[in-house]
Amino acid sequence: MGREREVQKSEVSYTEHLLAVNPYNPDILPDLENYVHEQVSSQIYSLDANLCLLRLYQFEPERMSVQIVARILVKALMALPAPDFNLCLFLIPERVQMEEQFKTLIVLSHYLETARFHQFWDEVAKNRGIVEVVPGFEQAIQNYAIHVLSLTYQKVPRSVLAEAINIEGLSLDKFLEHQVANSGWVIEKGHGRGQLIVLPRNEFNEPDLRKNSADSIQLEHITQIFPILG
């Protein structure tokens, strides 16, 4: 849900050609670096191209662009709940990870993975220069926060939602109006003056749906597992 728009074939045909012909050829480094800039400016995303670039940096450490690596990690954060950030981080040398901006990005990743959204937004406010260079960052994280809430809750207090997506006041009112009109959300009155946001049912926040989903597994699929277990 937090993932960015995947690139279309026409947008990556040249890059795909480079990756297919010789992904370990250091001569394609400039093209892959330019493609990172294109991903940022056009708000598209290609994990495969970014992983290839990070692998090439391992072979050519003197050619590594710290700025480009940081942007790759920001784009990977925007792809949550996919594990892209950790996949990219695995290819980045420890000495680079110890630089301040990368330590900050690792902290941000930890806050998101543990759903500590208040701490996340506080940290972002102190380090806007790292993430603001990538358009769409806040919206992608807001989508991820909503995704996390929807896995657990059927109803969310307005205050909890506001903290998770870092929107308040009239901006939150407009956001809720949009979600009610387009995403099936419902707003109920809570205790006192509070509001409860009713999120669409899914197999994770609705036990009955989870049970039905489990019951729908075909018997033939189960019998195919038995020989493997034996």
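What follows is a short back-and-forth about a few labels used for this predicted model.

Me: Why is Q43 called partly exposed?
Reply: Its relative accessibility comes to 37%. Buried would need under 20% and exposed over 50%, so Q43 falls in between and counts as partly exposed.

Me: And what makes the phi of Q43 worth a look?
Reply: Phi of Q43 is near 55°, a positive value in a residue other than glycine. As for its place, Q43 is in the loop between α2 (29–42) and α3 (47–59).

Me: What makes N166 partly exposed?
Reply: Same routine. N166 has a relative accessible area of 38%, and the partly exposed class runs between the 20% and 50% cut-offs, so that's the label N166 gets. Phi of N166 is near 60°, again positive in a non-glycine residue, and N166 is in the loop between α11 (158–165) and α12 (169–182).

Me: Which peptide bond is cis, and where does its proline lie?
Reply: The one from L80 to P81, with omega near 15°. P81 lies in the loop between α4 (66–78) and α5 (84–89).

Me: How do you know that α3 and α4 meet?
Reply: Contact means heavy atoms within 4.5 Å, and N50, L53, L54 and Y57 in α3 meet I68, V69 and I72 in α4. Those residues divide into 6 nonpolar, 1 polar and no charged. Tyr counts as nonpolar, so Y57 goes with the nonpolar ones.

Me: How do the axes of α3 and α4 cross?
Reply: They come within 11 Å and cross at roughly 145°, and the crossing is left-handed.

Notes:
Residues numbered from 1 in each chain as written. Predicted model: local features only at pLDDT ≥ 70, side-chain atom pairs only at ≥ 80, totals over all residues. Heavy atoms only, no water. Helix = DSSP H or I, 4+ residues; strand = E, 2+ residues; numbered from the N terminus. Buried < 20%, exposed > 50% of the residue type's maximum accessible area, 1.4 Å probe, protein only. Axes fitted to C-alpha atoms, helices over the stretch in contact; angles between N-to-C directions. Left-handed = near helix turned anticlockwise from the far one by under 90°.
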